[in-house]
Amino acid sequence: MCDFLHQINFLNSVIVDLQRKNEELKIKLKKLALSEFNGNDGTDGFDEGISKREKKATPRLFCDICDCFDLHDTEDCPTQAQSPDSVPHTTYHGNPAVERPYCDICEAFGHATESCNDDQTF
């Protein structure tokens, strides 16, 4: 009878120890879920084996066109929308129903092809 009581006490101590570990893991899981939800990296010191230098930092924004950091990325550069050697966008605010003269030689509006005085031949 005494031997059964020792076995019961031992098993009860194992159960209590497992329940304590289970509660600790639930708390860690909840912290990880909250930190991930809040946008943190989710470690909160649980990865003591990895130093902070080994973790990669978030890359900074850099624009190859403007040669500037942290303002915008190259894909979002406002000067990329129009290169300096391209034809500027139209500034014509007239009536769209009126046909404007266009030159096929110069490929520009403002004069007709017949009245073009461009001496270059292609």
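**Exercise 1. Characterise the salt bridge that Glu 24 forms with Arg 20 in this predicted model.**

*Solution.*
Step 1. Begin with the distance: the closest N and O atoms of Glu 24 and Arg 20 are 3.0 Å apart, and the criterion asks for a separation within 4 Å.
Step 2. Place the pair in the chain. Both Glu 24 and Arg 20 belong to helix H1, where they are four residues apart, about one turn of the helix.
Step 3. Assign the exposure classes. Glu 24 has 41% relative accessibility and therefore counts as partly exposed. Arg 20 has a relative accessible area of 42%, so Arg 20 is partly exposed as well.

**Exercise 2. Determine how far apart the closest N and O atoms of Asp 17 and Lys 21 are, and state which network this pair belongs to.**

*Solution.*
Step 1. The closest N and O atoms of Asp 17 and Lys 21 lie 3.9 Å apart, and the pair forms a salt bridge.
Step 2. Asp 17 and Lys 21 are separated by about one helical turn, because they are four residues apart in helix H1.
Step 3. Asp 17 is partly exposed, since its relative accessible area is 29%. Lys 21, at 42% relative accessibility, is likewise classed as partly exposed.
Step 4. Now extend the view to the neighbouring pair. Shared partners connect the salt bridges of Asp 17, Arg 20, Lys 21 and Glu 24 into one network.

**Exercise 3. Locate the salt bridge between Arg 60 and Asp 70 in the chain, and give the exposure class of each partner.**

*Solution.*
Step 1. The side chains of Arg 60 and Asp 70 meet at 2.9 Å, N to O.
Step 2. This pair links distant parts of the chain: Arg 60 is in the loop between H1 and strand S1 (62-63), while Asp 70 is in the loop between strand S2 (68-69) and strand S3 (102-103), ten residues apart.
Step 3. With a relative accessible area of 53%, Arg 60 is exposed, because the exposed class begins over 50%. Asp 70, at 46% relative accessibility, counts as partly exposed.
Step 4. For the overall tally, a search of the whole structure gives five salt bridges.

**Exercise 4. Identify the residues of the nonpolar surface patch, and classify Leu 18 as buried or exposed.**

*Solution.*
Step 1. The patch consists of Phe 10, Leu 11, Val 14 and Leu 18 and has an area of about 390 Å².
Step 2. Leu 18 is part of helix H1, which spans residues 2-37.
Step 3. The relative accessibility of Leu 18 is 54%, so Leu 18 counts as exposed.
Step 4. Compare with the record: an unreviewed UniProt entry annotates residues 8-35 as "coiled-coil region". In the model, residues 8-35 are 100% helix and 0% strand, with end C-alpha atoms 41 Å apart.

**Exercise 5. Describe the surroundings of His 72, and relate its position to the annotated domain.**

*Solution.*
Step 1. His 72 sits in the loop between S2 and S3.
Step 2. The relative accessible area of His 72 is 16%, so this residue is buried; the class requires a value under 20%.
Step 3. Apart from neighbours within four places in sequence, His 72 contacts Leu 61, Phe 62, Cys 63, Cys 66, Cys 77 and Pro 78.
Step 4. The unreviewed UniProt entry lists residues 60-77 and 100-116 under "domain: CLIP1 zinc knuckle".
Step 5. Examine each span. Residues 60-77 are 0% helix and 22% strand, and their end C-alpha atoms lie 15 Å apart. Residues 100-116 are 0% helix and 24% strand, with end C-alpha atoms 15 Å apart.

**Exercise 6. Summarise the chain as a whole, and state where confidence is lowest and highest.**

*Solution.*
Step 1. The chain contains one helix and four strands, arranged along the sequence as α-β-β-β-β.
Step 2. Of the 122 residues, 8% are buried. The accessible surface is about 11,400 Å², and carbon and sulfur atoms account for 57% of this area.
Step 3. Consider contacts between residues at least 6 apart in sequence: 0% of these join residues at least 24 apart.
Step 4. The mean pLDDT of the chain is 77, and 71% of the residues score at least 70. Confidence is lowest in strand S4 (residues 108-109), with a mean of 80, and highest in H1, at 90.
Step 5. Predicted coordinates should not be read in detail where pLDDT is low.

Technical notes. Residues numbered from 1 in each chain as written. Heavy atoms only, no water. UniProt positions renumbered as here; feature names shortened; annotations may be inferred. Helix = DSSP H or I, 4+ residues; strand = E, 2+ residues; numbered from the N terminus. Patch = residues over 30% accessible without salt bridge, like charges linked within 9 Å, V, L, I, M, F, W, Y side chains within 5 Å. Areas by Shrake-Rupley, 256 points an atom, 1.4 Å probe, with all protein chains shown as cover. Buried < 20%, exposed > 50% of the residue type's maximum accessible area, 1.4 Å probe, protein only. pLDDT = per-residue confidence, 0-100. Contact = heavy atoms within 4.5 Å.
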